[in-house]
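Colleague: I am new to this structure and would be grateful for a close look at a single helix, set in the context of its surroundings. Please take me through it step by step.

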Number of protein chains: 2
Amino acid sequence: MRWSLAYIPTLRETPAEAETVSHRLMLRAGLIRKLSAGTYSYLPMGMRVLLKVTRIIREEMTRAGALEVLLPALQPADLWKRSGRWEKMGPEMVRFKDRHGKEMVLGPTHEEVITQLIAGELRSYRDLPKTLFQIQTKFRDEARPRFGVIRSCEFLMKDAYSFDRNEAGLNVNYDRMYDTYLRIFSRCGLEAIPVEADTGVMGGDDSHEFMVLSKNGEDTVVRCSGCPYAASKDRAAKQGVGDSCPKCGKPLQQLPAIEVGHIFKLGTKYTEALDANFLDEDGKQKPFIMGCYGIGVSRILPAVIETHQDEAGIRWPVSIAPYQAVIVPINPPAREAAEWLHREALEAGLEVLLDDREVSGGVKMKDADLVGFPIRILLSEKTLQKESVEFKLRTEAEPTLLKTSEVVSRLKKLLAQQNGA
Amino acid sequence: MRWSLAYIPTLRETPAEAETVSHRLMLRAGLIRKLSAGTYSYLPMGMRVLLKVTRIIREEMTRAGALEVLLPALQPADLWKRSGRWEKMGPEMVRFKDRHGKEMVLGPTHEEVITQLIAGELRSYRDLPKTLFQIQTKFRDEARPRFGVIRSCEFLMKDAYSFDRNEAGLNVNYDRMYDTYLRIFSRCGLEAIPVEADTGVMGGDDSHEFMVLSKNGEDTVVRCSGCPYAASKDRAAKQGVGDSCPKCGKPLQQLPAIEVGHIFKLGTKYTEALDANFLDEDGKQKPFIMGCYGIGVSRILPAVIETHQDEAGIRWPVSIAPYQAVIVPINPPAREAAEWLHREALEAGLEVLLDDREVSGGVKMKDADLVGFPIRILLSEKTLQKESVEFKLRTEAEPTLLKTSEVVSRLKKLLAQQNGA
């Protein structure tokens, strides 16, 4: 791809609306733009990252045996009344009447819909277990949307639901999702810590949140300095936890964090309310034992940026970078070699961006750092005299000189290593 | 994938709610389920088809130089008032007030949002042309939703928007999208006819609809029996066209059809209303010249089914089939060979489904035909005595006997041919 044909409206100045570093960088690097309070458009660079994140999630969910579905955002209020959440959800749930006067809801989540769906379809214990997932837009009428796409009114979520015969089956599915979540976040370059969590309006017994420690996090993790105990602040408060660890008595730390995932053992809360039963081996009708598993897909972007940036801009992990490398010819004589390199890299199946703009080398280098491509390949008259390029990782301070003819094989080797990691 | 782990709830009986063959088959083959009037859940088989269709669209739009974005479904009413469509849209547009009393809209389309977006970003003629697209959920409060996902209240759409300096540029982009649409539909196995169309509430000058002839179509194509003239019924009515062709005078036919795409030359309607200007080479501010291009993504499924089915079920084109082939062991002694074949096919990167259910061979064959996998590989005691399988295309009446050891290479060859076509 050529920069001149792409659409990367970088900003020199920091937009006044942005309070956190990830919000600032998502605007400045041309990843998103605000439409109105709590709603954002993803521009091409942001969209490329979002597509890579969804691909990783899809691969890992499929590997874990989950099946992909797509459920409606428009939901009849009736279902929510039957589950008892019509009242509980409060003003965050968008409600309206359709043209026939029927009460509708814009789905903030899909426990009711999926439970009603499978109630008619999975009839026997032989059909179990099943885990279904979707990657879909959710709506939440936030009182105070903030931090860009971290707390917005419309966001992309991966939600999954498991259905089992018994608690033992639920435990197996829950543990599998727990492990799958660690894989997903790790592939996205995130260090996400699982912590004990409160179940809130979801209900159910057991729950874990996946937290990325970050000074701009809205949530708080309570973590023991001496043992593996870690919980969300809400959970710790409900447990009556004070300054010392309930497990070992050592001092607790309170750390700000961004929640990127949340898993729940729901049990029979929804299946009993919505009459979703299966015929068990003993000939009895029983409610399905349910789990639910969410990932804030859009939120992964700011969580990665909060933990992968410096004063110059974003430092994308290779796995979700909009492009793996940017080719920067910094003066006209370097153009021809840059074009050749671009063609060679494309032919080798690499995702490279050629900065073909007629702007100064300084602007190109600033933009490359701001948008945060993992690798920068700089060509100048000087490097070409040595039949070389300056090859620089975004995470390293200094470039190394590399023969132009060796760039593509070096890129391939490097990407194979990093993607495999 | 194993049938026992998949989720393919086929129905023997025809659901009462379904009026058309595609609606019946989408329900019977376990592709979709109704949630409420005009809203449907996609089950795993339907979702696999939907993902393949979106992949084709994404590839072809990218090949045509369009850049992918994602725009909010929640839109401020203010934007629609500025464009003048707040009144024009009528009760089909979902409107509600958010918790702060602000009037909002659930986007039925995105001309206003994209125009406002680029107004702040594309400043110079040097930034043009640009075409942006998204694959996103649209909402329309239909008075009478019907025919399953053909006319529903929530549906997946690919919408694209081009921005040019002048009419000549718009014409180039329009023609490129016209060709791209023909490629997309053709890759999905659809014969879509471009016809002159009315511009309706979109406004603008020139417009074409892409129509799939089908006896269950809601739309009508008026086509000349003697020359290439073809128009939508609305357009023909506005032109005052009667029973004979306005071009050559020969008799006109009226044919039912399903609209799968619609492209418009919008001109400056939205860019003038929303004050979206660029600085041209002559130093003057001018409104962008705009085009917009829609594909009814969800609607492609029923359009394909209407034109690819027989009494036994669906006949998926290979390019968008949920699985390319189904392996059917019809009695226990064939299981081991079926398992071996399944493993070999997976290792070769093929998308095959192994029907490992403990049901009769008759049920398996009926379901294979109903769901409509392009290839059926049947193994029985009889075929195995000849170290062979029955290899049958869904579109052919009779199977051929094929050595078990040759199945995978035969599949690979066949799929390469059909996908390349």
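Modeller: The account below begins with one helix of chain B and then moves outward to its surroundings and to the pairing of the chains. Please keep in mind throughout that this is a predicted model.

The helix chosen is H6 of chain B, which covers residues 167-187 and so has 21 residues by its own count. From its first C-alpha to its last, H6(B) reaches 30 Å, close to the 30 Å expected at 1.5 Å a residue.

Which residues of H6(B) are buried? They are B:Leu170, B:Asn173, B:Tyr174, B:Met177, B:Thr180, B:Tyr181, B:Ile184, B:Phe185 and B:Arg187. When one looks down the axis of H6(B), these buried residues fall within an arc of 145°, and therefore they line one face of the helix. The general geometry of such a helix is helpful here. An α-helix has 3.6 residues a turn, so residues three or four places apart point the same way. On the other side of H6(B), the exposed residues are B:Ala168, B:Asp175 and B:Asp179.

What do the buried residues of H6(B) pack against? Within chain B, their partners are helix H2 (44-63) together with the strands S7 (130-139), S8 (154-164), S10 (207-213), S13 (252-267) and S16 (289-296). After the helix comes B:Gly189, whose phi is positive, near 85°.

One of the strands that H6(B) packs against is S8, and a residue of that strand deserves attention. B:Tyr161 is placed in S8 of chain B. This tyrosine counts as buried because 29 C-beta neighbours lie inside 10 Å of it. Leaving aside neighbours within four places in sequence, B:Tyr161 is in contact with B:Ile114, B:Thr131, B:Leu132, B:Met290 and B:Cys292. At the other extreme, the C-alpha atoms of B:Tyr161 and B:Glu390 are separated by 49 Å, the two residues being 229 residues apart along the chain.

Strand S7 is also among the elements packed against H6(B), and the loops on either side of this strand hold backbone features of their own. In the loop between helix H5 (111-119) and S7 of chain B lies B:Pro129. A cis peptide bond joins B:Leu128 to B:Pro129, with omega about -5°. In the loop between S7 and S8 of chain B lies B:Phe147, whose phi is near 60°, a positive value in a residue other than glycine. B:Phe147 is buried, with 20 other C-beta atoms within 10 Å. Both features stand against the general pattern. Most residues other than glycine have a negative phi, and most peptide bonds are trans.

Chain A carries corresponding features. The peptide bond from A:Leu128 to A:Pro129 is cis, with omega near -5°, and A:Phe147 has a positive phi of about 60° although it is not a glycine.

How, then, are the two chains arranged? A rotation of 180° with 0.0 Å of shift along its axis superposes chain A on chain B, with an RMSD of 0.0 Å. That is the relation of a two-fold axis. Among the residues of chain A, A:Phe96 comes closest to the rotation axis, its C-alpha lying at 3.1 Å.

The contact between the chains takes 41 residues from chain A and 41 residues from chain B. On the side of chain A that touches chain B, the elements that each supply at least two residues include helix H2 (44-63), strand S5 (94-97), helix H5 (111-119) and strand S7 (130-139). Strand S2 of chain A gives the most to this side, with four residues. By class, the side of chain A that touches chain B has 27 nonpolar, six polar and eight charged residues. Since 100% of the interface residues of chain A are also interface residues in chain B, the copies meet through the same surface.

In chain B, strand S5 (residues 94-97) holds B:Lys97. Is B:Lys97 buried or partly exposed? With 13 C-beta neighbours inside 10 Å, B:Lys97 counts as partly exposed. Not counting residues up to four places away in sequence, B:Lys97 touches B:Lys102, B:Glu103 and B:Met104.

Finally, for the wider layout, the domain assignment of chain A gives domain 1 (21-310) and domain 2 (323-420). The C-alpha centres of these two domains of chain A lie 39 Å apart.

Terms used
Residues are numbered from 1 along each chain as its sequence is written. Chains are lettered from A and ligands numbered from 1 in the order in which they are written. This is a predicted model: local features need pLDDT of at least 70, side-chain atom pairs count only at pLDDT 80 or more; totals for chains, interfaces and linings use all residues. Two residues are in contact if their C-beta atoms, placed from the backbone, lie within 7 Å. Ala, Val, Leu, Ile, Met, Phe, Trp, Tyr, Cys and Pro count as nonpolar, Asp, Glu, Lys and Arg as charged, and the others, Gly among them, as polar. The expected span of a helix is 1.5 Å times one less than its number of residues. A residue is buried if 20 or more other C-beta atoms lie within 10 Å of its own, exposed if 12 or fewer, and partly exposed in between; C-beta atoms are placed from the backbone. The arc is that of the directions from the helix axis to the C-beta atoms. Copies are superposed by least squares on the C-alpha atoms of residues with pLDDT of at least 70 in both. Domain bounds come from an automatic or database domain assignment.
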